[in-house]
Amino acid sequence: MFGEMDVNYLLHRQQVALIRAQMSHSAKGRAAYEDLARGYTSRIDAYRRENERLVDLAHCPG
């Protein structure tokens, strides 16, 4: 589903977006960075769900 996605990259981008949202001087800027952070959060969560599914499959008796 995600190919060679680097979850560390997504985590980094999420944190940068949150920091920029916090430092933003305008409500529009803050909202834009918060939206970016939410998007990264969604991708991170999807990655984690897929990873958990694969781990579960690997540990199922066969």
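This report walks through the fold, the two helices and a handful of residues in a predicted model.

## Overall shape

Let's start with the whole chain. The protein chain contains two helices and zero strands. Its C-alpha trace spans about 55 × 15 × 15 Å along the principal axes. The radius of gyration tells a matching story: the protein chain has 16 Å, whereas a compact globule of 62 residues would have a value near 11 Å.

## Surface and charge

How much of the protein chain is buried? Buried residues account for 21% of the 62 residues. The accessible surface of the protein chain comes to about 4,900 Å², and carbon and sulfur atoms contribute 54% of that surface.

As for charge, the protein chain carries 9 positive and 8 negative charges. The mean positions of these two groups are 10 Å apart.

## Helix α1

Helix α1 covers residues 7-23. With 17 residues, α1 reaches 24 Å from its first C-alpha to its last, close to the 24 Å expected at 1.5 Å a residue.

Which residues of α1 are buried? They are Val 7, Leu 10, Gln 14, Val 16, Ala 17 and Ala 21. If you trace them on the model, it helps to remember one rule of helices. An α-helix has 3.6 residues a turn, so residues three or four places apart point the same way. The cover over the buried residues of α1 includes α2.

## Helix α2

Helix α2 takes in residues 27-59. It has 33 residues, and α2 reaches 47 Å from its first C-alpha to its last, close to the 48 Å expected at 1.5 Å a residue.

Here the buried residues are Gly 29, Ala 37, Tyr 40, Ile 44 and Ala 46. What do the buried residues of α2 pack against? They pack against α1.

## Gln 14 and Val 16: buried in α1

Gln 14 is a good residue to click on if you want to see the two helices meet. It sits in helix α1 and counts as buried because its relative accessibility is 13%, under the 20% cut-off. Setting aside neighbours within four places in sequence, Gln 14 is in contact with Ala 37, Tyr 40, Thr 41 and Ile 44. Among these partners, Ala 37, Tyr 40 and Ile 44 are themselves buried residues of α2.

Val 16 also has its place in helix α1. Val 16 is buried because its relative accessible area is 18%, again under 20%. Val 16 and Leu 36 are 20 residues apart in sequence, and their C-alpha atoms are 9.7 Å apart in space.

## Tyr 9 and His 12: partly exposed in α1

Is Tyr 9 buried, partly exposed or exposed? Tyr 9 lies in helix α1 and counts as partly exposed, because its relative accessibility is 49%. The C-alpha atoms of Tyr 9 and Ala 27 are separated by 26 Å, with their positions 18 residues apart along the chain.

His 12 lies in helix α1. With 45% relative accessibility, His 12 counts as partly exposed. His 12 and Tyr 40 are 28 residues apart in sequence, yet 9.4 Å apart in space, C-alpha to C-alpha. Tyr 40 is one of the buried residues of α2 and also one of the contacts of Gln 14.

## Ala 58: exposed in α2

Finally, take a look at Ala 58, which lies in helix α2. Ala 58 counts as exposed because its relative accessible area is 58%, over the 50% cut-off. The C-alpha atoms of Ala 58 and Glu 34 are separated by 36 Å, and the two residues are 24 residues apart along the chain.

Key: Residues numbered from 1 in each chain as written. Predicted model: local features only at pLDDT ≥ 70, side-chain atom pairs only at ≥ 80, totals over all residues. Heavy atoms only, no water. Helix = DSSP H or I, 4+ residues; strand = E, 2+ residues; numbered from the N terminus. Rg over C-alpha atoms; globule rule 2.2 N^0.38 Å. Buried < 20%, exposed > 50% of the residue type's maximum accessible area, 1.4 Å probe, protein only. Areas by Shrake-Rupley, 256 points an atom, 1.4 Å probe, with all protein chains shown as cover. Lys, Arg positive; Asp, Glu negative; His and termini not counted. Charge placed at Lys NZ, Arg CZ, Asp CG, Glu CD. Expected span 1.5 Å × (residues − 1). Contact = heavy atoms within 4.5 Å.
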